[in-house]
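This report examines two interfaces, one inside a chain and one between chains. Please view the sequence and the structure before reading on.

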Amino acid sequence: MKDPVLTVEGLEVRFQGAAGEIPAVQGASFSVHRGEVLCIVGESGCGKSITSLSVMGLLPGSAEAEGHIRFDGRDLLRLNREEIRQIRGNDISMIFQEPMTSLNPVFTVGFQLMEPLVVHRNLSKKQAFEEAVRLLERVGIPDPGRRMEQYPHELSGGMRQRVMIAIALSCEPKLLIADEPTTALDVTIQAQILELILKLKEDTGMSVILITHDMGVVAETADRVLVMYAGKVVEEADVRTLFEDPKHPYTKGLLRSMPNVDDDTYTLEAIPGTLPKPGEIQQGCPFHPRCPEAMDRCREENPRVFTHRPGHMSRCWLAEEEDQDHAGESVG
Amino acid sequence: MAGLIVRRLFQLIPLLLGISFIVFISLHLAPGDPASMIGGPTATREDLASIREDLGLNDPLFTQYFRYISGVVQGDLGYSYQTKQSVTEAIMIRFPNTFNLAIASIIVATVIGVGAGMISAIKQNTSLDALSTIGALAGISIPNFWLGSVLILLFAVNWQWFPAAGVTQPPWTLQGMKELILPAITLGTGSAALIARMTRSAVLEVIRQDYIRTARAKGVKEKSVILLHCMRNAMIPVITVIGLNFGFLLGGTIITEQVFAINGVGRLMIQAIANRDYTMVQGAVLLVATLFVLVNLLVDILYALIDPRIRYE
């Protein structure tokens, strides 16, 4: 396997609330390899966005992160503000869910696109302008010279997301984090944007963390998949294994809740119940109240991570018999 | 942009006509008789009648208003009932003092208000924030005349850093600035407090926006995130408050001018009201109202400059 670009080990994120500490991410560990697309999947509130914001050092002030996030030989959680700022938008970039509100309404597209070029690459205004036009062309925006002078409200949602991608790619990052980049877009535009991200990944060799709740997007784009539930990674596998041989009942549920138009006999199933509320103390596996396969043990003991084969892990008692790696991390 | 300005300028015409009419009517409806003020306690009935006849006070109100307004459009605000002096001239002599005071006050208010509001928002829920909130509350609550007297007592009488009263030099000279500082602080404090509160809530609103997160994700320095990305958006509501307050300050100079013995339009207005000097009061009020409306126009233009979305509406 190629070298990891980013390695997250035992990431814990907690929010300080009025009612005490609320855990948002609990012991997440994973790595992203060079040129790979890692999809993080899960329902809203499962901790996938918080995980990515931890990597960017953009957690809100009330949050506290522990563990290790290694990138380029450095632990991002131990860098000071200035050091992490120099990495943001330069080595690691991020695009967000809402293209309509992610661009500053009072500055031109050109200004916002030139900013990282001036900040990180010390380009002159003129050089930055030329580079920005080239970037807009690259993300498929017609008439880039004119677009440079326009304001975000003059662009459609798809166009704005293309601008966001151009901004994210401006300094040729090693890692791009895309947090639900297509959720707010029309279906036809969604496909175009995903295609664009994949094409740019091929061209530049960067790695991508794609956060989504859409298993269709996962099937289209991922090399490897991380399934998160209630702040924990519950399954990790390469995309083919995950779709063909899912181990965790939650992953199975996600796959069953995906529409399938090719199969007439297919019935769409929803996962019953909802995510536990953040901060709700629960005994046993956090998924057991919604799990069709829950056993007595699931209600009492939180499962540790079991390895099915190299690269395929799940956090479910059902997997215990198949466990190949008994030295797996134990979880409290 | 030019279209917006021209459109707004045309809208001013009916507005100013309306203001002049309201001022005219309310003064004539107010109790008190200018003729008896002019004639004095010894004037006979016949004297008063002849004074009224001379001033045209016996004509129907609409005739009087029409006579007045046709003068106004030619720049003639009439003559003082009391001193027979030209109202335009009397106002123009005093107006620079009032205008300079209002400008100095709004500068003081903006610098203190925006600065304190910004710090208070960035350091939300810290002791700095609490200090700024208490300061703002005090600023709004303290009456002008009291603050002015205390400032004179401390800085003019006790320490003699600044002159106690009067404006004798233009504001761009050192002496002129010294003369303006205490009145400007006195007049500007209340506005500073309002501007600080508005800035705080605007910054807190903007700082939560997605585009601020985008700016940070780009690796923009925190200073630019706040001063450029955040403040440019937060200034939109703040400018409204600054504009409105400038209007209030123009009117609010009355008390401050009195406290600091500044020969401005405010003092002129007080004397004119006491003497039932209709034309003088009308002229002064019309001037302040016109300025108020013009400042609001300026605010609208600034909006459009700051926020591109407004330019196209």
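How many residue pairs are in polar contact across the interface of domain 1 of chain B and domain 2 of chain B? The rule finds three such pairs, both residues being at pLDDT 80 or more; a polar contact is a pair of N or O atoms within 3.5 Å, where within protein one must be able to donate a hydrogen and the other to accept it, and residues adjacent in sequence count only if both atoms are side-chain atoms. The model is predicted, so local features need pLDDT of at least 70 and side-chain atom pairs count only at pLDDT 80 or more, while totals for chains, interfaces and linings use all residues. Residues are numbered from 1 along each chain as its sequence is written, chains are lettered from A and ligands numbered from 1 in the order in which they are written, and side-chain values use heavy atoms, leaving out hydrogens and water.

**Within chain B**

Domain 1 of chain B comprises 1-27 + 276-313 and domain 2 comprises 96-264, with bounds from an automatic or database domain assignment. Eleven residues of domain 1 and twelve residues of domain 2 make the contact (heavy atoms within 4.5 Å). On the domain 1 side, nine residues are nonpolar, one is polar and one is charged; here Ala, Val, Leu, Ile, Met, Phe, Trp, Tyr, Cys and Pro count as nonpolar, Asp, Glu, Lys and Arg as charged, and the others, Gly among them, as polar. Phe292(B), Tyr303(B) and Ile306(B) supply 47% of the area that domain 1 buries against domain 2, more than any other three residues.

**Between chain B and chain A**

The contact between the chains takes 20 residues from chain B and 26 residues from chain A. The chain B side divides into seven nonpolar, four polar and nine charged residues. Arg213(B), Ala217(B) and Lys218(B) lose the most area to chain A, together 27% of what the chain B side buries. Lys218(B) also forms a salt bridge with Glu115(A), the closest N and O atoms being 2.8 Å apart. Across this interface, twelve residue pairs are in polar contact (both at pLDDT 80 or more).

The table lists buried area (accessible area, 1.4 Å probe, that two parts lose on being put together, summed over both) and salt bridges (a side-chain nitrogen of Lys or Arg within 4 Å of a carboxyl oxygen of Asp or Glu).

| Interface | Buried area | Carbon and sulfur share | Salt bridges |
|---|---|---|---|
| Domain 1 and domain 2 of chain B | about 1100 Å² | 78% of the area | zero salt bridges |
| Chain B and chain A | about 2200 Å² | 61% of the area | one salt bridge |
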